[in-house]
Amino acid sequence: MNRFQFQSTGIKPDDFAEMVAEKVERALAHYDEAINRPTMVSVGKIAGSIASAVTLLSPKHQRAIDAIHADLPGLASKFVRALAAEAARRSEAGTSGATALPPASLADIDGPVSSPPRADDLESMLIEDWAGRVAGSTYLEENLRIARSTLHRWQRRGEVIALRKGGRKHVFPLAQFVDGRPVAGIRDVQALISNPRLAWLWLTRPSAQLEGRIAIDLLRQDQVDEVVEAARVFAPG
(Lines give C-alpha, C1' and ligand atoms only; values in the text may rest on other atoms or scores of the structure.)
Protein backbone atom coordinates (compact mmCIF):
# COMPACT_ATOMS: atom_id res chain seq x y z
CA MET A 1 0.00 0.00 0.00
CA ASN A 2 1.34 3.44 -0.96
CA ARG A 3 0.15 7.00 -0.51
CA PHE A 4 -2.12 6.73 -3.56
CA GLN A 5 -3.73 3.58 -2.23
CA PHE A 6 -4.31 5.34 1.09
CA GLN A 7 -6.21 8.01 -0.81
CA SER A 8 -8.25 5.56 -2.90
CA THR A 9 -9.17 3.22 -0.04
CA GLY A 10 -9.79 5.91 2.54
CA ILE A 11 -7.55 4.14 5.07
CA LYS A 12 -5.57 6.62 7.10
CA PRO A 13 -1.86 6.01 7.79
CA ASP A 14 -2.56 5.87 11.53
CA ASP A 15 -5.24 3.21 10.99
CA PHE A 16 -2.85 1.22 8.80
CA ALA A 17 -0.18 1.45 11.52
CA GLU A 18 -2.67 0.12 14.09
CA MET A 19 -3.55 -2.80 11.81
CA VAL A 20 0.10 -3.76 11.47
CA ALA A 21 0.67 -3.32 15.20
CA GLU A 22 -2.20 -5.68 16.06
CA LYS A 23 -0.91 -8.36 13.70
CA VAL A 24 2.61 -8.07 15.10
CA GLU A 25 1.30 -8.36 18.66
CA ARG A 26 -0.65 -11.50 17.78
CA ALA A 27 2.39 -12.99 16.05
CA LEU A 28 4.60 -12.30 19.08
CA ALA A 29 2.04 -13.78 21.47
CA HIS A 30 1.87 -16.92 19.34
CA TYR A 31 5.64 -17.17 18.91
CA ASP A 32 6.82 -16.62 22.47
CA GLU A 33 4.60 -16.66 25.53
CA ALA A 34 7.48 -15.32 27.65
CA ILE A 35 7.23 -11.84 26.12
CA ASN A 36 5.20 -9.63 28.42
CA ARG A 37 2.21 -7.62 27.24
CA PRO A 38 3.73 -4.10 27.48
CA THR A 39 6.70 -5.22 25.38
CA MET A 40 4.43 -6.73 22.74
CA VAL A 41 2.44 -3.49 22.54
CA SER A 42 5.63 -1.43 22.20
CA VAL A 43 7.03 -3.67 19.48
CA GLY A 44 3.72 -3.57 17.64
CA LYS A 45 3.68 0.22 17.70
CA ILE A 46 7.24 0.36 16.37
CA ALA A 47 6.44 -2.07 13.54
CA GLY A 48 3.22 -0.23 12.67
CA SER A 49 4.90 3.16 12.61
CA ILE A 50 7.72 1.89 10.40
CA ALA A 51 5.33 0.16 8.00
CA SER A 52 3.16 3.26 7.72
CA ALA A 53 6.18 5.51 7.20
CA VAL A 54 7.64 3.27 4.50
CA THR A 55 4.42 3.27 2.48
CA LEU A 56 4.50 7.07 2.39
CA LEU A 57 8.00 7.21 0.95
CA SER A 58 8.48 8.29 -2.63
CA PRO A 59 9.29 5.54 -5.20
CA LYS A 60 12.86 6.84 -5.27
CA HIS A 61 13.32 6.35 -1.54
CA GLN A 62 11.59 2.96 -1.64
CA ARG A 63 14.07 1.83 -4.28
CA ALA A 64 16.88 3.09 -2.05
CA ILE A 65 15.64 0.82 0.74
CA ASP A 66 15.48 -2.09 -1.70
CA ALA A 67 19.11 -1.44 -2.61
CA ILE A 68 20.25 -2.09 0.98
CA HIS A 69 18.03 -5.15 1.40
CA ALA A 70 20.95 -7.35 2.47
CA ASP A 71 21.92 -4.90 5.23
CA LEU A 72 18.44 -4.53 6.71
CA PRO A 73 18.76 -7.26 9.41
CA GLY A 74 21.92 -5.64 10.76
CA LEU A 75 20.41 -2.16 10.66
CA ALA A 76 17.28 -3.42 12.41
CA SER A 77 19.42 -5.03 15.10
CA LYS A 78 21.28 -1.76 15.67
CA PHE A 79 17.98 0.11 15.84
CA VAL A 80 16.57 -2.24 18.49
CA ARG A 81 19.79 -2.11 20.50
CA ALA A 82 19.65 1.69 20.35
CA LEU A 83 16.11 1.61 21.72
CA ALA A 84 17.14 -0.78 24.49
CA ALA A 85 20.13 1.36 25.41
CA GLU A 86 17.99 4.50 25.55
CA ALA A 87 15.41 2.73 27.74
CA ALA A 88 18.17 1.58 30.09
CA ARG A 89 19.64 5.07 30.24
CA ARG A 90 16.28 6.62 31.06
CA SER A 91 15.67 4.00 33.73
CA GLU A 92 19.06 4.66 35.30
CA ALA A 93 18.42 8.39 35.17
CA GLY A 94 15.08 7.91 36.88
CA THR A 95 16.44 5.74 39.69
CA SER A 96 19.32 8.10 40.37
CA GLY A 97 17.25 11.28 40.16
CA ALA A 98 19.36 12.61 37.32
CA THR A 99 17.99 14.62 34.46
CA ALA A 100 16.92 12.79 31.33
CA LEU A 101 19.67 12.04 28.87
CA PRO A 102 19.36 12.86 25.17
CA PRO A 103 18.08 10.06 22.91
CA ALA A 104 20.65 7.53 21.76
CA SER A 105 21.64 7.47 18.12
CA LEU A 106 22.66 4.41 16.13
CA ALA A 107 26.25 5.56 16.50
CA ASP A 108 25.92 5.68 20.27
CA ILE A 109 25.03 2.02 20.54
CA ASP A 110 28.36 0.98 19.07
CA GLY A 111 30.34 3.19 21.45
CA PRO A 112 31.54 2.35 24.95
CA VAL A 113 29.20 2.48 27.90
CA SER A 114 29.76 5.60 29.98
CA SER A 115 29.31 3.91 33.35
CA PRO A 116 28.87 0.31 34.54
CA PRO A 117 25.37 -0.81 35.59
CA ARG A 118 24.61 -1.41 39.24
CA ALA A 119 23.22 -4.70 40.53
CA ASP A 120 20.92 -2.91 42.98
CA ASP A 121 19.15 -1.15 40.11
CA LEU A 122 18.45 -4.44 38.34
CA GLU A 123 16.77 -5.99 41.37
CA SER A 124 14.00 -3.39 41.18
CA MET A 125 13.38 -3.77 37.44
CA LEU A 126 11.25 -6.31 35.59
CA ILE A 127 13.45 -8.90 33.91
CA GLU A 128 11.75 -8.45 30.55
CA ASP A 129 12.54 -4.73 30.59
CA TRP A 130 16.31 -5.21 30.47
CA ALA A 131 17.23 -8.86 29.84
CA GLY A 132 15.63 -9.38 26.43
CA ARG A 133 13.74 -12.57 25.61
CA VAL A 134 13.67 -15.04 28.46
CA ALA A 135 11.95 -18.38 28.89
CA GLY A 136 11.31 -21.01 31.53
CA SER A 137 12.31 -24.65 31.52
CA THR A 138 9.04 -25.77 29.88
CA TYR A 139 9.58 -23.54 26.86
CA LEU A 140 13.22 -24.61 26.53
CA GLU A 141 12.27 -28.28 26.69
CA GLU A 142 9.48 -27.99 24.13
CA ASN A 143 11.19 -25.62 21.67
CA LEU A 144 14.95 -26.13 22.08
CA ARG A 145 14.73 -29.76 23.22
CA ILE A 146 16.72 -29.06 26.37
CA ALA A 147 15.82 -31.60 29.03
CA ARG A 148 15.09 -30.17 32.47
CA SER A 149 17.75 -32.36 34.03
CA THR A 150 20.32 -31.05 31.55
CA LEU A 151 19.26 -27.46 32.17
CA HIS A 152 19.54 -27.88 35.93
CA ARG A 153 22.98 -29.47 35.56
CA TRP A 154 24.14 -26.52 33.47
CA GLN A 155 22.71 -24.17 36.09
CA ARG A 156 24.54 -25.90 38.95
CA ARG A 157 27.81 -25.70 37.04
CA GLY A 158 27.32 -22.05 36.15
CA GLU A 159 27.32 -22.87 32.44
CA VAL A 160 24.02 -21.07 31.88
CA ILE A 161 22.69 -17.81 33.29
CA ALA A 162 19.48 -18.23 35.28
CA LEU A 163 17.60 -15.17 36.45
CA ARG A 164 15.31 -15.42 39.46
CA LYS A 165 11.78 -14.27 38.69
CA GLY A 166 9.71 -14.15 41.82
CA GLY A 167 9.91 -16.80 44.53
CA ARG A 168 12.04 -19.73 43.44
CA LYS A 169 11.27 -19.60 39.73
CA HIS A 170 14.08 -18.99 37.26
CA VAL A 171 14.01 -17.90 33.65
CA PHE A 172 16.80 -18.19 31.11
CA PRO A 173 17.80 -15.54 28.54
CA LEU A 174 17.42 -17.11 25.10
CA ALA A 175 20.32 -15.24 23.51
CA GLN A 176 22.80 -17.41 25.42
CA PHE A 177 21.75 -20.56 23.54
CA VAL A 178 23.09 -21.71 20.18
CA ASP A 179 21.90 -25.01 18.72
CA GLY A 180 20.29 -25.97 22.00
CA ARG A 181 23.37 -25.38 24.14
CA PRO A 182 24.69 -22.39 26.12
CA VAL A 183 27.56 -20.65 24.38
CA ALA A 184 31.06 -21.33 25.67
CA GLY A 185 32.38 -18.73 28.10
CA ILE A 186 29.26 -18.22 30.22
CA ARG A 187 30.79 -20.20 33.10
CA ASP A 188 34.00 -18.15 32.98
CA VAL A 189 32.09 -14.87 32.98
CA GLN A 190 29.94 -15.93 35.95
CA ALA A 191 33.06 -16.95 37.84
CA LEU A 192 34.21 -13.33 37.53
CA ILE A 193 30.83 -11.54 37.80
CA SER A 194 28.97 -13.54 40.42
CA ASN A 195 25.66 -11.65 40.29
CA PRO A 196 23.70 -13.31 37.42
CA ARG A 197 21.73 -10.15 36.64
CA LEU A 198 24.81 -7.99 36.47
CA ALA A 199 26.62 -10.65 34.44
CA TRP A 200 23.84 -10.85 31.88
CA LEU A 201 23.47 -7.09 31.59
CA TRP A 202 27.20 -6.76 31.01
CA LEU A 203 27.07 -9.52 28.41
CA THR A 204 24.28 -7.82 26.46
CA ARG A 205 25.30 -4.16 26.50
CA PRO A 206 28.02 -2.38 24.52
CA SER A 207 31.12 -2.78 26.68
CA ALA A 208 33.86 -0.25 27.23
CA GLN A 209 36.21 -3.18 27.85
CA LEU A 210 35.41 -4.48 24.34
CA GLU A 211 35.54 -1.11 22.56
CA GLY A 212 31.77 -0.86 22.36
CA ARG A 213 31.16 -4.40 21.18
CA ILE A 214 28.64 -6.70 22.83
CA ALA A 215 30.08 -9.64 24.73
CA ILE A 216 27.30 -12.15 24.07
CA ASP A 217 27.67 -11.54 20.32
CA LEU A 218 31.38 -12.34 20.60
CA LEU A 219 30.70 -15.49 22.61
CA ARG A 220 28.29 -16.62 19.91
CA GLN A 221 31.24 -16.23 17.52
CA ASP A 222 33.50 -18.35 19.78
CA GLN A 223 35.64 -15.38 20.82
CA VAL A 224 35.76 -16.60 24.41
CA ASP A 225 39.24 -15.51 25.49
CA GLU A 226 38.64 -11.86 24.58
CA VAL A 227 35.34 -11.76 26.45
CA VAL A 228 36.74 -13.45 29.56
CA GLU A 229 39.63 -11.00 29.72
CA ALA A 230 37.19 -8.09 29.37
CA ALA A 231 35.02 -9.52 32.15
CA ARG A 232 38.12 -9.77 34.33
CA VAL A 233 38.74 -6.05 33.82
CA PHE A 234 35.10 -5.17 34.45
CA ALA A 235 34.54 -7.45 37.46
CA PRO A 236 34.00 -5.47 40.69
CA GLY A 237 36.67 -5.81 43.33
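1. Burial. In this predicted model, 35% of the protein's 237 residues count as buried. The accessible surface of the protein is about 14100 Å², and carbon and sulfur atoms account for 54% of that area.

2. Elements and contacts. The protein has 14 helices and 5 strands. Among contacts with a separation of 6 or more, 61% join residues that are 24 or more positions apart.

3. Confidence. The mean pLDDT of the protein is 76, and 69% of the residues reach 70 or more. Residues 95–121 have a pLDDT below 50, although this stretch has 44 contacts in the model beyond near neighbours in sequence. Helix H5 is assigned to residues 72–96.

4. The largest nonpolar core. This core has 30 residues, and the members that touch the most others in it are Ile193, Trp202 and Leu203. Five elements are listed as giving two or more residues to the core: helix H8 (127–130), helix H11 (186–192), helix H12 (196–204), helix H13 (215–219) and helix H14 (224–234). In soluble globular proteins, nonpolar side chains tend to be buried together.

5. Trp202. Which residues does Trp202 touch, not counting residues up to four places away in sequence? They are Val189, Ile193, Ser207, Gln209, Leu210, Ala215, Val227, Ala230, Ala231 and Phe234.

6. A separate core. Another core, of 11 residues, lies apart from the largest nonpolar core. Its members include Ala135, Ile146, Leu151 and Trp154.

7. A nonpolar surface patch. Ile46, Ile50, Val54, Phe79, Val80 and Leu83 make a nonpolar patch of about 440 Å² on the surface. Helix H3 (37–55) and helix H5 (72–96) are the elements that give two or more residues to this patch.

8. Two patch residues on helix H3. Are Ile50 and Val54 buried or partly exposed? Val54, in helix H3, has a relative accessibility of 33% and therefore counts as partly exposed. Ile50 also lies in helix H3. Its relative accessible area is 43%, so Ile50 is partly exposed. Partly exposed here means between the buried limit of under 20% and the exposed limit of over 50%.

9. Ile50 and Ala17. The C-alpha atoms of Ile50 and Ala17 are separated by 8.0 Å, while the two residues are 33 residues apart along the chain.

Note on methods
Residues are numbered from 1 along each chain as its sequence is written. This is a predicted model: local features need pLDDT of at least 70, side-chain atom pairs count only at pLDDT 80 or more; totals for chains, interfaces and linings use all residues. Side-chain values use heavy atoms; hydrogens and water are left out. Patches are made of residues with over 30% relative accessible area and no salt bridge: like charges are joined within 9 Å, nonpolar side chains (Val, Leu, Ile, Met, Phe, Trp, Tyr) within 5 Å. Accessible areas come from the Shrake-Rupley method with a 1.4 Å probe; for residues, only the protein chains shown count as cover. A salt bridge is a side-chain nitrogen of Lys or Arg within 4 Å of a carboxyl oxygen of Asp or Glu. Helices (H or I, at least four residues) and strands (E, at least two) are DSSP runs, numbered from the N terminus. Buried means under 20% relative accessible area, exposed over 50%, partly exposed in between (1.4 Å probe, protein chains only). Contact means heavy atoms within 4.5 Å. pLDDT is the predictor's confidence in each residue, from 0 to 100. A nonpolar core is a set of buried Ala, Val, Leu, Ile, Met, Phe, Trp, Tyr and Cys residues joined through side-chain atoms within 4.5 Å.
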